[in-house]
Structures are given as C-alpha cells and as structure tokens.
Amino acid sequence: MNSKDISFDENYCMYDVYIDEQKDPVAIELSDSLEAVDEVLTESYKEKIADFVNKSAKWFNSAEKKIFDDVKDVDGLKLMTIYVLSEQESLNEVFGLLFNLNRDREHGRGMKIEGKNLEIIEYGDAHVAFS
C-alpha cells in the first residue's frame, strides 16, 4: 500500500484493504473523535497510515501472540478494523486493532499499537481498539 491508496469515505472508512497475514480484507477507519476527520489529510499522514499497514508482518504476529496468551485459542482469529487514533500533527502514532475470534464473538479483542516501534500499549476487549 502507498499513500496514494489512502482515501476515506464520508464515514471516515476505507474498505477492502489487504494484508498478507490473512485472506479476508480489513477496514481502516479514522476515529471520529479526531480533528483529522474535518481536515484535508496531508501526504505525510497518509504515509504514516500506509507504512503501518505495510508493516503488518511485524505487528500482526505480536497481536496474535498477545491474544493467544490471553484466551489460549486463536481459532477464527480475524482482523476486522485498523483504527487511526492519532492526529495529523501528533508526534505519537497510535493505531487500534479490532479482532474477532470464535472463542469470544460477542466481545472480540482490541489493542492499541504504537506506530513507530510497533509495541502493544494497551490490550483488552474490542472497545480498546477504538477508545
């Protein structure tokens, strides 16, 4: 993915984004609490989003391990949405990941990942991914 591919609809979403780690597409969503939803997105902001998606080989495995360590089962694990949680001018890039899994379809699992070092900074039920 490159920055030219980043284009959000009127609901601040992008659909049909693919990562190598799963066959089903994921969505990317700008948090509606961001000022960015009312701004023209800068090229550097789009580059940060594309870069995070392109590094999925690094963060997806860490996320999967974190979920396995918690529930001891990743059957049906599927990344549903990548949430962009930081403003355009923010020095800290934060992304939320929302996962569905067979073991806990009602609550799923969510986490926040720091965009530069790709470390998990918060983990829990699905709401963690977008709050």
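Helices here are DSSP runs of at least four residues, numbered from the N terminus. In this predicted model, helix H2 covers residues 56-71 and is followed by Lys-72, whose phi is positive, near 60 degrees.

The length of H2 can be checked with simple arithmetic. Its 16 residues, at 1.5 Å a residue, should span 22 Å, and the C-alpha atoms at its ends do lie 22 Å apart, so expectation and model agree. Along H2, the buried residues are Ser-56, Trp-59, Phe-60, Ala-63, Ile-67 and Val-71. These residues cover an arc of only 100 degrees around the axis, which means that they sit on the same side of H2. The face turned away from this buried side carries Lys-58 and Lys-65, which are exposed. What covers the buried residues of H2 includes helix H1 (43-54) along with four strands: S3 (78-84), S4 (94-100), S5 (109-114) and S6 (120-124).

Helix H1 can be read in a similar way. H1 has twelve residues and reaches 16 Å from its first C-alpha to its last, close to the 16 Å expected at 1.5 Å a residue. Tyr-45, Ile-49, Ala-50, Phe-52 and Val-53 are the buried residues of H1. Viewed down the axis of H1, they fall within an arc of 160 degrees, and therefore line one face of the helix. Their cover includes strands S1 (13-17) and S2 (26-30), together with H2, S3, S4 and S5. Each helix thus appears in the other's surroundings: H1 is among the elements covering the buried residues of H2, and H2 is among those covering the buried residues of H1.

Notes
Residues numbered from 1 in each chain as written. Predicted model: local features only at pLDDT ≥ 70, side-chain atom pairs only at ≥ 80, totals over all residues. Heavy atoms only, no water. Helix = DSSP H or I, 4+ residues; strand = E, 2+ residues; numbered from the N terminus. Expected span 1.5 Å × (residues − 1). Buried < 20%, exposed > 50% of the residue type's maximum accessible area, 1.4 Å probe, protein only. Arc of directions from axis to C-beta. Contact = heavy atoms within 4.5 Å.
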